[in-house]
Structure formats: structure tokens, C-alpha cells
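This report is meant for someone meeting the structure for the first time. Please look over the sequence and the view below before reading on.

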2 protein chains.
Amino acid sequence: MQISSRFTIALHIFTCVDTFGDDHKVTSDFLAASINTNPVIIRKILTQLKNAGLITVARGTGGIELTRELSEISFYDVYEAIEPVEGGDLFRFHEAPNPACPVGRNIHALLDGKLNSIQDAMENEMKKYTLMDLRTGMKELLAEEV
Amino acid sequence: MQISSRFTIALHIFTCVDTFGDDHKVTSDFLAASINTNPVIIRKILTQLKNAGLITVARGTGGIELTRELSEISFYDVYEAIEPVEGGDLFRFHEAPNPACPVGRNIHALLDGKLNSIQDAMENEMKKYTLMDLRTGMKELLAEEV
DNA sequence: TTTCGTTGTAACCATTGACATTACAACTAA
DNA sequence: TTAGTTGTAATGTCAATGGTTACAACGAAA
């Protein structure tokens, strides 16, 4: 199991918007070139970010605007916008354990709390990072490049 | 993205072995009935657990034995045995970002450390739970049932 | 008003992984 | 030898991922 590349693509998009937004119009074609994928892939991800209320996209003319400060958008916000996990459960169970078996009928009660704490640990760490960290990190990397 | 049900099935298997191992011979058919799936699914998971050195399986006669104490097998050990993530990276990147783009050629350096810390947070929480917690938890649940 | 660049979205397609199922060889103990 | 079990190959179905083409809708500028 791996988290889909859409998540890191979304972070890539935000980094591009912040890095180039003042100089270029950042379109889905521009982003697709930087990420090396198809513009439609980008547009679908932009739609997800828009539906989550993180950005606005100018139809017709093009251009992406954040709806909040960089420091107010965490990795978790992006993750939540991108990953279509219904119910939000990280761990999947087999659908119908046998209720006639003492273990089968108690397996959810046994595991749910523990699995939730694992998921919480991951999500809480995601909340520690914001898009502001991407700006400062990228500035440092570009300064080193020269 | 969700972690496959094979992980929770593996925990279910361990719980059955501990709960019923003294009274019944715990075969792949027995386990399949408790989990409500196909015995071959069980055998494949048992093969993974065996390859990871967590259990031995008696061919021909049937029967599962742990190679370590319950308290010496963590959820992470099971997760690592079950999830075939090559390289062990939780987050997937798009394969070939554009090296001509300043963001494209630095996106890995920008994100790798942060994503690793998120993955570590999850895995460290997984290491806190062991099969001993499954034994004690299941005993409590069964005691409540009466 | 027309043109041009852009977004939104539908309609496909290929590939992969998850889960299931059947079948059968190999094995072990009774 | 027999009965029960494991190991594994071969298939099948389904969903998700990532890609691609096509085109309508839109907005700004000429």
C-alpha cells in the first residue's frame, strides 16, 4: 500500500504556485510540464483542492489563488482534500467476520482503538507541516543551487 | 488509499491462534471460517508471516506456532511482513519531475524529510502495540460478553 | 464580437493490485 | 494406504491509478 502520487503532486503544485506565481501565470499546462504529467491530471487535482476550499481557479483566464495564508494550510488539509477515503479509515477490514466465532464478532472492538491511534499519529504529524514550510524549504534549496 | 485488509486479517489470525490454539487445531479452513474468506487467502498470508520469521506452519498436519513471545511481536512486525512496499516508502512520487524546472528538480529534497517523519510517526505508533495487547484485549472482551 | 487561451469534464484505455476461487501436487500422521 | 492439510499455480472479477483525446464553457483582450 502506498499513498497515491496525487498527494505529492498537490504539494508540488502549491510549491510552483508560490515560487512562480508572481512571474508566470501558473496554468495546468505549466504545472504538467514541471511535474511531467498530463494537464488533465493536474486539473482533476485542482478540482479536488478547489472542492476542499483550499484554492480558487480562474476559469477561462487561468490562474490559481490560495484562499488562506500559507501557514494556515497544513499537509493534512491537502491529504484530506486529495485522498478519497470514505469514512476516513486508514485500515481496511474484511467485510463480514463470522459472528458465530468469538474472535470474529469481537475483532472490530479489539482493533478499532489501536488502529485509530496509529492513524491519529500519522495525521497529527501531517498537521505539523504547512505550505509555509514548503516556501522556506524551497528558498533554501534554490539558494544552495547557485 | 487504504491499508489492505490483509493486515487486519493477519492480526485476526494471531488472535485466533492465541484464543483457540490450545483447544482446536487452527487450520487455514478454521481461520477462513472465522474471518469469512477463502482458505487460500489465509494460506498466502501465512506464507508471508512465515517468510518474515514470525511463525512456523506445519505442512501436512497443519498447525501454527509463533517463533517469539507474544510481547515480542509488534503490530509493526506484522505490517512489515504483510505490506509489500518496495523500498518501504509510504508516499509515492510522480516518477520523473522536470529537471529543467527549479521546483521539479528539488521536489524530492524538499519533501523527503517531512514525509519520512510522517511515516515514522505512524510506524513508531505501530511498534507500541504487540500481540500481547491482543490477548489481554480479547480476554476482556470475552469476559464482558457473558 | 470574434479570437485565443484556458478550465471543466466526459469518455475512453492500460496497468496494477486486491480479493476470490478451483485445482492439484506435496506432505505428514495415523 | 488414507485422510486431512499446506503450498502454489492459474484464472477471474473488480476497483483504483494514471494517462489520453476531445470538446463545451468560459473570460479577457483584440
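## The surface near DNA strand C

In this model, which is a predicted one, helix 3 of chain A makes the greatest contribution to the surface near DNA strand C, supplying 5 residues. In all, 26 residues surround DNA strand C, and those that come nearest are A:S28, A:K50, A:H94, B:S5 and B:T37. Sorted by class, the residues of this surface are 5 nonpolar, 12 polar and 9 charged. Where the atoms of DNA strand C lie within 4 Å of the protein, 59% of those atoms are part of sugar or phosphate, while the rest are part of bases.

Several individual contacts can be picked out from chain A. The side chain of A:H94 has a polar atom 2.6 Å from a phosphate oxygen of DNA strand C, whereas A:G60 uses a backbone N or O atom, which is 2.7 Å from a base nitrogen of that strand. An N or O atom in the side chain of A:R59 is placed 3.3 Å from a base oxygen of DNA strand C. The elements giving two or more residues to the surface near this strand are helix 3 of chain A and, from chain B, helix 1 (5–20) and helix 3.

## The surface near DNA strand D

DNA strand D has 25 residues around it, of which A:S5, A:T37, B:S28, B:K50 and B:H94 come nearest. The surface near DNA strand D is made up of 5 nonpolar, 11 polar and 9 charged residues. Among the atoms of DNA strand D that lie within 4 Å of the protein, sugar or phosphate accounts for 59%, and bases for the rest.

Phosphate oxygens of DNA strand D are approached from both chains: one is 2.6 Å from an N or O atom in the side chain of A:T37, and one is 2.7 Å from an N or O atom in the side chain of B:H94. A base oxygen of the strand, in turn, is 3.0 Å from a polar side-chain atom of B:R43. Two or more residues each are given to this surface by helix 1 (5–20) and helix 3 (39–51) of chain A, and by helix 3 (39–51) of chain B. Of these elements, helix 3 of chain B gives the most, with 4 residues.

## Where chain A meets chain B

The two protein chains also touch each other, with 60 residues of chain A in contact with 59 residues of chain B. Together the chains bury about 5400 Å², and 69% of this area is on carbon and sulfur atoms. On the side of chain A, the residues A:M1, A:Q2 and A:R92 account for 15% of the area that this chain buries against chain B, which is more than any other three residues supply.

Between chain A and chain B there are 2 salt bridges, and one of them joins A:R105 to B:E145, with the closest N and O atoms 2.6 Å apart. Polar contacts across this interface number 26 residue pairs, counting those in which both residues have pLDDT 80 or more. The side of chain A that touches chain B draws at least two residues from each of helix 1, helix 2 (28–35), helix 4 (75–82), helix 5 (107–127) and helix 6 (131–145) of chain A. Helix 5 of chain A gives the most to this side, with 12 residues, and the residues of the side as a whole divide into 35 nonpolar, 16 polar and 9 charged.

## Two residues in closer view

B:H94, already met beside DNA strand D, is located in the loop that runs between helix 4 (75–82) and helix 5 (107–127) of chain B. Leaving aside residues up to four places away in sequence, B:H94 touches A:S5, A:T8, A:I9, A:I35, A:N36 and A:T37. The side chain of B:H94 also reaches the backbone oxygen of A:I35, at 3.4 Å.

A:D133 belongs to helix 6 of chain A. Is A:D133 buried, exposed or partly exposed? Its relative accessible area is 26%, so A:D133 counts as partly exposed. Apart from residues up to four places away in sequence, A:D133 touches A:K128 as well as B:L110 and B:K114, and a polar atom of its side chain lies 2.9 Å from the backbone nitrogen of A:T130. By contrast, A:D133 and A:G104 are 45 Å apart in space from C-alpha to C-alpha, with a separation of 29 residues in sequence.

Technical notes
Residues numbered from 1 in each chain as written. Chains lettered and ligands numbered in written order. Predicted model: local features only at pLDDT ≥ 70, side-chain atom pairs only at ≥ 80, totals over all residues. Heavy atoms only, no water. Near = heavy atom within 4 Å. Polar contact = N/O pair within 3.5 Å; in protein donor to acceptor, adjacent residues only side chain to side chain. Nonpolar A, V, L, I, M, F, W, Y, C, P; charged D, E, K, R; others polar. Contact = heavy atoms within 4.5 Å. Buried area = accessible area lost by both parts, 1.4 Å probe. Salt bridge = Lys/Arg side-chain N within 4 Å of Asp/Glu carboxyl O. Buried < 20%, exposed > 50% of the residue type's maximum accessible area, 1.4 Å probe, protein only.
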